[in-house]
Amino acid sequence: MLKYTIGKGNYKNWIIGEDEFSLSEQGKGESVFCLGNGYMGIRSAFEEPYPFQTRGTFVSGCFDRLPDETVELPNAADVCEIRLILDGEYFSMTQGEVSGYQRCLNLYTGELTRSLDWRSPGGKRYRLVFKRAVSHADVHACGMQVEICARDHDAKVQVTSGINGRMTNSGAQHFSDGSKRVLDRQFLYLDQRTVQSGIIFYHCCGSRVVGAKGEVRDFAMERRRILETMDFKAEKGKTVRYEKLAVLYTGRELAEQGEQALQLLARHVRRLVTEGYDALQEKNAACFRSFWEQRDIRIRGENDRIPLALRFAQYHLLAMIPPDSSSSIAAKGLTGEGYKGHVFWDTEVYILPYYLFTAPEKAAQLLEYRINRMGQARENAKKKGYRGLLFPWESTGTGEEETPLFAGMDILTGKAAHVWAGIKEHHITADIAYALWMYRSAAGGRDIEDEEGNLLIVGAALFWMSRSVYVEEKDRYEIRDIIGPDEYTEHVDNNAYSNYMARDTVQKALRLLRGGGGRFVRKAEAYYGETGIAERMETYARKLYLPLPVENPPGILPQNDGFLQKKTLDVAKYRSSAGKQTILKDYSRRQVDQMQVLKQPDVVMLLILLPELFDTGIKWKNWNYYEPKTIHDSSLSRAIYSVAASDCKESREAYECFLHAMDIDMGPNPHSSDQGIHAAAMGGIWLAVVRGFVGLRVLEDCLCIEPCLPEQIQEICFSFIYRGKNIALQLTKEKLMLSSTGDEETPVRIQGRDYRFTHGLEIAM
Ligand code: BGC
């Protein structure tokens, strides 16, 4: 059971913890407490092994594919396993008696600790404290420390630990048995190569014991594993420390190979071991300190868990951002095997806005990841008979479509259920173009001339035109047989979200083509091998069918053709177990498809991405129509309903939805499991507060702030970056204050009125 009251004093609202050990719930803690620095992520499995444990180490962007399987992030060798034998008794929390157990992730310092008192089955008492950190100062390094205090006797301690290359992805082994070495009679080394992609993973670790006597070190080499055993004595009542420092590199970033690589790793580990665990953690904590100095969102309100949730979300958003554009953010970050490390629209729509306002260079990096894969998107479009660019629904290293064809079970047939998303869920192409445009607006149009970005938007527009059919008798274009964001409704015609987003893409492309005095038109036509594209886009934008709100039920925008005529279902039962997709245990996907049942927002998603489309009255009607029909079976759901309610100035519903969104990974019983945390939900927490309650977003030529502060929140303060300027914002029920240090004016629209400010602005609310 997770606890939020553990942090006191300076650490109030900075600590996620648990004060009970649960064998069967380990997966949750492993994900929620996961440590990562964007380069690597290590699931927080306990040091000593237990059943139901899912150990995991993932390196961003290092994919591998086993024959006949989906490409995935391989689970690299584990260095965190540490087995203790204390006076001949094996330490396990399932034996003897455990008291005073507490495990905490300190979000302020980035350190994971576990402390407990153990009475062994033989009646001996020990105090044990375990610490662990994945360094943000040195992305290849991680460290562990175990403090052992034998309470009432002198104890013989044996610690066994090493590098375990026997890890699998749910049974699938991605690594060959590489080479193993003991270097300088002190450091353990193991390398392994991924089976298909041939990426070498280099591991090296070393250890030291502080405060003990009679230390004896021994080594063992086994198949896919190298181990060290340390024997030493712990005097009664004295704390001894075992420390292990490890590094992980891959062949992708190491120029050195063979013996040279090995020496580099040994030097690195030697330095870490000499400095010790505390030094590694101190440098790591310094990175976190400066991160929080800039990014902390201070919220004054009734619920202490809200500031904690924002810290939790930002902690994970930091842990998941890759070092460079060779990879992007996976649906579970680097916290688990879920979705195999694949990248979805989650990144552009749920996560990128956070980076846009806090580290625009990281937002640019995420877009670069897509720009660098335009070639594959072009191939993908061609392969499926379309023009322009079709980005994959699930992307990995290459940018090819990697959505598996089957997943889960169809309750009617007992067979694996067909997944259509990779074949029909095409809105991601519009979402990426939308994100790129938003980035440019936030950057003040500085990159607007960037040709590759322009080509991406034009390519996305060309795709939509070829994806549509011209219906002669209606003299309009329609988009048929598609899947919108709500994956419980498949193979539909004229999904409102997709149609409006397609038009939005085409309108953006047109603006690029019409600007620049025709020079870019020639470039784009040459690039895509087509002529007359601007004229065709103009016709298309005019003639693309855009569903409008109907009269019955009044004001409702149909999610797709025929949606409003489908039967409804009381989804209360499923909403209370939301996130687990329990409806698919009662109905097959095809049956769900025949009902007005939503997994996640679709029309309402559109209303927050293109908020100018409809007035508040229509938006609120649609919210009230669609929300009760939504099971929220996707972690992408609640935060969006919260933002949409804020947009309608319905703060009570916005707050309610936010509380649910916050609990997806941080609730007393989080949905996270052996699969990992939900990356989009982390972005969603930030969106619900910043985009929702504060109402902060970018328009093309200015900032826009439309606050909707719930009754339970008195004040929100934070800093953000806009057009290269650092802007501090303070919002209370009475006023909104903005201040900036630059000398340039910032245009801002607040509650519909335009202002410009240089150093400060105060508006009464
Ligand atoms: C959701 C998608 C999402 C994916 C990855 C699915 O369950 O329906 O919208 O992109 O999970 O998070």
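In this predicted model, Asp117 is buried, because its relative accessible area of 19% falls under the 20% cut-off. Its salt-bridge partner is Arg151, and the side chains meet at 3.3 Å, N to O. Asp117 belongs to strand β9 (residues 111-119), while Arg151 sits in the loop between β11 (141-150) and β12 (155-164). The pair therefore ties together parts that are 34 residues apart in sequence. Arg151 is partly exposed, with a relative accessible area of 33%.

A second pair joins Glu700 and Arg511. Their closest N and O atoms are 2.6 Å apart in a salt bridge. This pair links distant parts of the chain, 189 residues apart. Glu700 is in the loop between β24 and β25 (703-705), and Arg511 is in helix α11. Both ends count as partly exposed: Glu700 has 38% relative accessibility, and Arg511 has 47%.

A third salt bridge forms between Arg575 and Glu627, with the closest N and O atoms 3.1 Å apart. Arg575 lies in helix α14 (residues 572-575). Glu627 lies in the loop between α18 (616-626) and α19, so the bridge ties together parts that are 52 residues apart in sequence. Glu627 is buried, at 9% relative accessibility, whereas Arg575 is partly exposed, at 22%. Salt bridges can also share partners. One network of this kind joins Glu47, Glu48, Arg114 and Arg132. The structure holds 54 salt bridges.

The second largest pocket was examined next. About 710 Å³ of space lies in this pocket. Its lining is made up of 31 residues. The closest to the pocket centre are Tyr434, Leu609, Leu610, Pro611 and Glu612.

Several elements build the lining. Those that supply at least two residues each include α5 (346-358), α9 (427-442), α17 (603-609) and α19 (638-647). Helix α21 (679-693) and strand β24 (696-698) also supply at least two residues each. Helix α11 (496-514) is on this list too, and gives the most, with 6 residues. The same helix, α11, holds Arg511 of the bridge to Glu700.

By class, the lining has 20 nonpolar residues, 9 charged residues and 2 polar residues. The pocket draws on two domains. Domain 2 (301-693) and domain 3 (694-765) each give at least three residues to its lining.

Key. Residues numbered from 1 in each chain as written. Predicted model: local features only at pLDDT ≥ 70, side-chain atom pairs only at ≥ 80, totals over all residues. Heavy atoms only, no water. 1 Å grid on protein atoms, 1.4 Å probe; cavity = no way out; pocket = protein on both sides within 12 Å on 5 of 7 lines; lining within 4 Å. Points joined across faces, edges and corners; volume = space filled by probe spheres on them. Helix = DSSP H or I, 4+ residues; strand = E, 2+ residues; numbered from the N terminus. Nonpolar A, V, L, I, M, F, W, Y, C, P; charged D, E, K, R; others polar. Domains from an automatic or database assignment. Salt bridge = Lys/Arg side-chain N within 4 Å of Asp/Glu carboxyl O. Buried < 20%, exposed > 50% of the residue type's maximum accessible area, 1.4 Å probe, protein only.
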